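Visitor: I have not seen this structure before. Please show me how to read its features one at a time.

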Amino acid sequence: MTDQKIDGGKRTWIIASSCAGAIGAGFVAVPFIKSFEPSERARAAGAPVEVDISALKPGEKLTVEWRGQPVWIVRRTPEQIAALPKLDPELADPKSQRNPDELTPPYARNENRSIKPEILVTVGICTHLGCSPSDKFVPGPQPSLPDNWAGGFLCPCHGSTFDMAGRVYKDKPAPDNLEVPPHVYLSDSRILIGEEKRA
Ligand code: FES
């Protein structure tokens with residue numbers, strides 16, 4: 001197992017480059033727990049990252065680093081999964097048809113954008129200008145979100161919102177859904193990020 005951290009839904013990876021100034025003082029960068037397998041050089045070159053998700057509980061998110069980006073793994077609750085189809089009319093690209101070769105591999109071109117309905121794997125970088133959205137998993141009215149909020153992610157930079165499948169809402173600055181990276185299950189509890197098949 002390499003870099004990973006269980007996140008109860010409240011922490012945020014901040015990409016410092018493009019829009020840190022717009023984020024404000026209320027957000028704090030959360031460092032990854034570093035390990036040295038694979039090496040930093042290999043990681044930068046895009047070495048696949050193996051992740052153990054056995055400790056991930058429903059409603060929790062785990063973050064790993066792949067190619068210098070945060071990759072989120074969320075174990076969705078049955079309620080979160082059930083809410084997804086109802087959101088289609090509010091989304092910009094509910095069927096993930098935009099830039100599918102870049103954003104959504106064939107095995108994730110479905111309502112859940114995932115191989116297994118309960119497990120979301122997505123790159124935690126907003127498709128607008130590259131900030132990292134915040135977890136807003138709790139449904140209902142709250143600041144900066146609509147009263148009928150169903151749970152998802154809010155980008156603090158310019159207000160783009162994404163559902164629990166990383167699908168962007170309509171009329172937001174972000175043009176596209178969050179990217180689903182190439183990945184494959186090695187077992188029920190282990191995912192390899194960065195490869196689609198074992199060699
Ligand atoms: S970077 Fe602008 S809304 Fe996310």
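Guide: Start with one pair of strands: β2 (residues 49–52) and β10 (residues 190–193) are joined by four bridges and run antiparallel. Two strands count as paired if DSSP finds at least two bridges between them. Helices (H or I, at least four residues) and strands (E, at least two) are DSSP runs, numbered from the N terminus. This is a predicted model, in which local features need pLDDT of at least 70 and side-chain atom pairs count only at pLDDT 80 or more, while totals for chains, interfaces and linings use all residues. Residues are numbered from 1 along each chain as its sequence is written, and side-chain values use heavy atoms, with hydrogens and water left out.

Visitor: Which residue in β10 stands opposite aspartate 52?

Guide: Strands of a sheet pair through backbone hydrogen bonds, either parallel or antiparallel. Here aspartate 52 faces arginine 190 of β10. Another bridge sets glutamate 50 against leucine 192, again in β10.

Visitor: What is the strand order of the open sheet that contains β10?

Guide: The order is β2-β10-β9, three strands with antiparallel pairing. β2 and β9 stand at the edges with a single partner strand each, so one side of each has no neighbour in the sheet. From one strand to the next, the twist averages 25°. Such angles lie between axes, which are lines fitted to C-alpha atoms (for helices over the stretch in contact), and run from 0 to 180 degrees between N-to-C directions.

Visitor: How many residues lie between β9 and β10 in their hairpin?

Guide: The hairpin has two residues between β9 and β10. Strand β9 covers residues 183–187, and four bridges join it to β10 in an antiparallel run. One opposite pair is tyrosine 185 with isoleucine 191 of β10.

Visitor: What is the order of the open sheet that includes β7?

Guide: That three-strand sheet is ordered β6-β7-β8, with antiparallel pairing. Its edge strands are β6 (134–136) and β8 (161–163), each pairing on one side only. Neighbouring strands are turned by 30° against each other on average, direction ignored. Three bridges join β7 (residues 152–154) to β8, and glycine 152 stands opposite aspartate 163 in β8.

Visitor: How many helices and strands does the protein have?

Guide: It has four helices and 10 strands. Read from the N terminus, the elements run β-α-α-β-β-β-α-α-β-β-β-β-β-β.

Visitor: What share of the residues is buried?

Guide: Buried means under 20% relative accessible area and exposed over 50%, with partly exposed in between (1.4 Å probe, protein chains only). Of the 199 residues in the protein, 51% are buried. Contacts, meaning heavy atoms within 4.5 Å, give another view. Among those with a separation of 6 or more, 59% come from residues 24 or more positions apart.

Visitor: Where is arginine 113, and is it buried or exposed?

Guide: Most residues other than glycine have a negative phi, and most peptide bonds are trans. Arginine 113 has a positive phi of about 55° although it is not a glycine. It sits in the loop between α4 (100–103) and β5 (119–123) and is buried, with a relative accessible area of 0%. Serine 144, also not a glycine, has a positive phi of about 70°. Serine 144 is in the loop between β6 and β7 and is exposed, at 63% relative accessible area.

Visitor: How many aromatic pairs does the structure hold?

Guide: It holds three. Rings of Phe, Tyr and Trp (its six-membered ring) pair if their centres lie within 6.5 Å; planes under 30 degrees apart count as stacked, over 60 as edge-to-face and the rest as tilted. Tryptophan 72 and phenylalanine 153 have ring centres 4.7 Å apart and planes at 20°, so this pair is stacked. The pair links tryptophan 72 in β4 (residues 69–75) with phenylalanine 153 in β7, 81 residues apart. Both residues, tryptophan 72 and phenylalanine 153, are buried. Phenylalanine 137 and phenylalanine 153 have centres 5.4 Å apart and planes at 85°, so this pair is edge-to-face. Ring pairs thus link Trp72, Phe137 and Phe153 into a cluster.

Visitor: Which lysine lies over the face of tryptophan 72?

Guide: A charge sits over a ring if NZ of Lys or CZ of Arg is within 6 Å of the ring centre and within 35 degrees of the ring normal. Lysine 61 lies over the face of tryptophan 72, at 3.9 Å from the ring centre. Lysine 116 lies over the face of tyrosine 185, at 4.4 Å from the ring centre.
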